[in-house]
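I opened a new page in my notebook for this one. My plan is to look things up one at a time and jot down what I find.

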Amino acid sequence: MKPLKVRISITLDDPIYQKIKGLAEYDDRSVSSYINLALRDHLEQLHREEEQYGQHT
């Protein structure tokens, strides 16, 4: 079963959007999919750091 999706609106600086758009195209993904993947990776990294250093947010 696919995870539920939530539709949101965000505002990005144009240089950030252009970079993400290029990376998404290179990975043959949508911009939305690429942002979701990048955020998931970032959150997993934060979780690993919290476990390593015993910090909780």
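First entry. I started with Asp28, which is exposed, with a relative accessible area of 71%. That puts Asp28 over the 50% cut-off, so the word "exposed" fits. I should write down early that this is a predicted model.

Where does Asp28 sit? I found Asp28 in the loop between H1 and H2. I then looked up its backbone: Asp28, just after H1, takes a positive phi of about 55 degrees. That made me pause, because most residues other than glycine have a negative phi. Asp28 has a positive value and is a residue other than glycine.

I looked for another positive phi and noted Gly54, just after H2, at about 70 degrees.

Next, the salt bridges. How many are there by the rule? The count comes to one. Arg29 forms a salt bridge with Asp27, and their closest N and O atoms are 3.8 Å apart. The cut-off is 4 Å, so I can see why this pair, at 3.8 Å, gets in. I checked both partners for exposure. Arg29 counts as partly exposed, at 37% relative accessibility. Asp27 counts as partly exposed too, at 36%.

Then the helices themselves. H1 covers residues 14-26, which makes 13 residues. From its first C-alpha to its last, H1 reaches 18 Å, close to the 18 Å expected at 1.5 Å a residue. H2 runs over residues 31-53 and has 23 residues. Its reach is 33 Å between first and last C-alpha, close to the expected 33 Å.

How do H1 and H2 pack? I got an angle of about 100 degrees, with the axes 9 Å apart. H1 and H2 are therefore roughly perpendicular to each other. The range for that word is 65 to 115 degrees, so about 100 degrees falls inside it.

I wanted to know who touches whom. On the H1 side I listed Tyr17, Ile20, Lys21, Leu23 and Ala24, and they meet Val31, Tyr34 and Ile35 in H2. Sorted by kind, the residues of this contact are seven nonpolar, no polar and one charged. I put Lys21 down as the charged one, because Lys counts as charged.

Which residues of H2 are buried? I noted Tyr34, Ile35 and Glu50. The buried residues of H2 pack against H1. Tyr34 and Ile35 are also in my contact list above.

Last, I picked three other residues in H2 to see how they compare with the solvent cut-offs. Leu43 lies in H2 and counts as exposed, at 56% relative accessibility. Leu37, also in H2, is partly exposed, with a relative accessible area of 23%. Gln45 lies in H2 as well and is partly exposed at 33%.

I took a C-alpha distance for each of them. Leu43 and Thr11 are 32 residues apart in sequence and 20 Å apart in space. For Leu37 and Tyr26, eleven residues apart along the chain, the separation is 14 Å. Gln45 and Ser32 are 13 residues apart along the chain, and their C-alpha atoms are separated by 20 Å.

Terms used:
Residues numbered from 1 in each chain as written. Predicted model: local features only at pLDDT ≥ 70, side-chain atom pairs only at ≥ 80, totals over all residues. Heavy atoms only, no water. Helix = DSSP H or I, 4+ residues; strand = E, 2+ residues; numbered from the N terminus. Expected span 1.5 Å × (residues − 1). Buried < 20%, exposed > 50% of the residue type's maximum accessible area, 1.4 Å probe, protein only. Salt bridge = Lys/Arg side-chain N within 4 Å of Asp/Glu carboxyl O. Axes fitted to C-alpha atoms, helices over the stretch in contact; angles between N-to-C directions. Parallel < 35°, antiparallel > 145°, perpendicular 65-115°, else oblique. Contact = heavy atoms within 4.5 Å.
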